[in-house]
Amino acid sequence: MTDETDQPVIEAVPSIVAIAMIDDGLRPMRLELVPENERDAVLTALKDAESLEDLAIRGMDATAVAAQPDDAIEVLTDPTMDNGMAYAKISDVSVGTIAMIDRRRMMRQIATAVRSEGSCEVVELGPEADLSDIARFDVVFIDYYLDDKETDGTIAERIAGEVQHRRDANRRQQIVLMSSRAGVRAIRTEFRKTASIEAASFAFVDKADLDEAWKVKAHLEMLGRGLQHSGALGDFISAVKKKAKEAAESLSRKIDDLDTGVRGGPEPVDV
């Protein structure tokens, strides 16, 4: 008969309670985001008769569209509804606005999938968001390119560095770099080091892997397991670094205490 005390203890995988997602596609659409020289054309497209019919289906009548153009553009990013005539009319006059609508729509879809599959709180943040309470999140997703004009991940590196700086030493937290662009995966290690993030607390995910529920669930399970080990592994790495530093300082002191006589030439030998 086997004693129950001899059974291996399996540590439960920590549950993910709160997730923050930082992406420029998670900023609500606003007219001021539309290129200035195209805003009048976009407003005209929204007021087109066919556009108004489409927007009415989405819950906005002509009066609301005229009074709240920001909301009129935002409703076009609803991932649960197909694109309609308002989208088509805007595409005729502003390619840039359509690109923002598409990106916002995709990120809303991803956030919804993460919220559903993770059964947890998911907070959507733009790159300019206040990060004062970021330490409370178990997982923080950060997009690599946070600006249309950006040619590298400078903004993401700054934000990741701030998230790392604000983290609670007594809590486990995973920082996840995400991107849909080719080449970002290859520089993830450099990104992590620049932001001073321990390897045990860092991961990368391609946005293309978040397009289906089962993929989202698999990634969340992986991150949950990462949380399980990030605390212990992070503490171990920190301890090793501390010991190495102490050993180096001790060796340096011993070398300083040695009197080798090098500066004064060979010491005379008593015969």
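The exercises below, each with a worked solution, concern a predicted model.

**Exercise 1. Determine the order of the strands in the open sheet, the sense of their pairing, and which strands lie at its edges.**

Solution. Begin with the overall arrangement: 5 strands form an open sheet in the order 2-1-3-4-5, and the pairing is parallel. The edges are then strand 2 (121-125) and strand 5 (202-206), each of which pairs on one side only. From one strand to the next, the twist averages 20°. The individual pairings can now be followed through the sheet. Strand 1 is joined to strand 2 by 5 bridges, and within the strand 2 pairing Met 21 stands opposite Glu 124. Strand 1 is also joined in parallel to strand 3, by 4 bridges, where Ala 20 has Val 140 as its bridge partner. Strand 3 (residues 139-143) in turn pairs with strand 4 (residues 174-179) in the parallel sense over 5 bridges, and there Val 140 has Ile 175 as its bridge partner.

**Exercise 2. Describe which strands helix 6 and helix 7 touch, and how each helix is directed relative to a strand of the sheet.**

Solution. Take the helices in sequence order. Helix 6 (residues 95-118) packs on the sheet and touches strand 1 (18-22), strand 2 and strand 4, its direction making about 160° with that of strand 2. Helix 7 (residues 154-166) likewise packs on the sheet, but its contacts are with strand 1, strand 3 and strand 4, and its direction makes about 165° with that of strand 3.

**Exercise 3. Establish why strand 1 can be called largely enclosed by the rest of the structure.**

Solution. The criterion needed here is that a buried residue has under 20% relative accessible area. By that criterion 5 of the 5 residues of strand 1 are buried, so the strand is largely enclosed by the rest of the structure. Looking at the two faces separately, one side carries Ala 18, Ala 20 and Ile 22 and the other carries Ile 19 and Met 21, all of them buried, with the result that both faces are covered.

**Exercise 4. Identify the residues with the most contacts inside the largest nonpolar core, and the elements that give two or more residues to this core.**

Solution. The largest nonpolar core has 24 residues, and those with the most contacts inside it are Ile 134, Val 140, Ile 142 and Val 163. Two or more residues are given to this core by each of strand 1, strand 3, helix 7, strand 4 and strand 5, and the largest share, 4 residues, comes from helix 7. As a local example, Ile 142 is in contact, leaving aside its neighbours within four places in sequence, with residues including Ile 22, Ala 156, Ile 159, Val 163 and Leu 177. A second, separate core has 22 residues, among them Ile 110, Cys 120, Val 176 and Ala 203.

**Exercise 5. Decide whether Ser 119, Ser 196 and Asp 54 are buried or exposed, and place each in its element or loop.**

Solution. Ser 119 lies in the loop between helix 6 and strand 2, and at 65% relative accessibility this serine counts as exposed. Ser 196, in the loop between helix 8 (188-194) and strand 5, is exposed as well, with a relative accessible area of 52%. Neither is a glycine, yet Ser 119 has a positive phi of about 50° and Ser 196 one of about 60°; most residues other than glycine have a negative phi. Asp 54, by contrast, belongs to helix 2 (residues 49-57) and is buried, with a relative accessible area of 8%. Beyond four places in sequence, Asp 54 touches Leu 76, Gly 84, Met 85, Ala 86 and Tyr 87.

Notes: Residues are numbered from 1 along each chain as its sequence is written. This is a predicted model: local features need pLDDT of at least 70, side-chain atom pairs count only at pLDDT 80 or more; totals for chains, interfaces and linings use all residues. Side-chain values use heavy atoms; hydrogens and water are left out. Two strands pair if DSSP finds at least two bridges between them. Axes are lines fitted to C-alpha atoms, for helices over the stretch in contact, and angles run from 0 to 180 degrees between N-to-C directions. Contact means heavy atoms within 4.5 Å. Buried means under 20% relative accessible area, exposed over 50%, partly exposed in between (1.4 Å probe, protein chains only). A nonpolar core is a set of buried Ala, Val, Leu, Ile, Met, Phe, Trp, Tyr and Cys residues joined through side-chain atoms within 4.5 Å.
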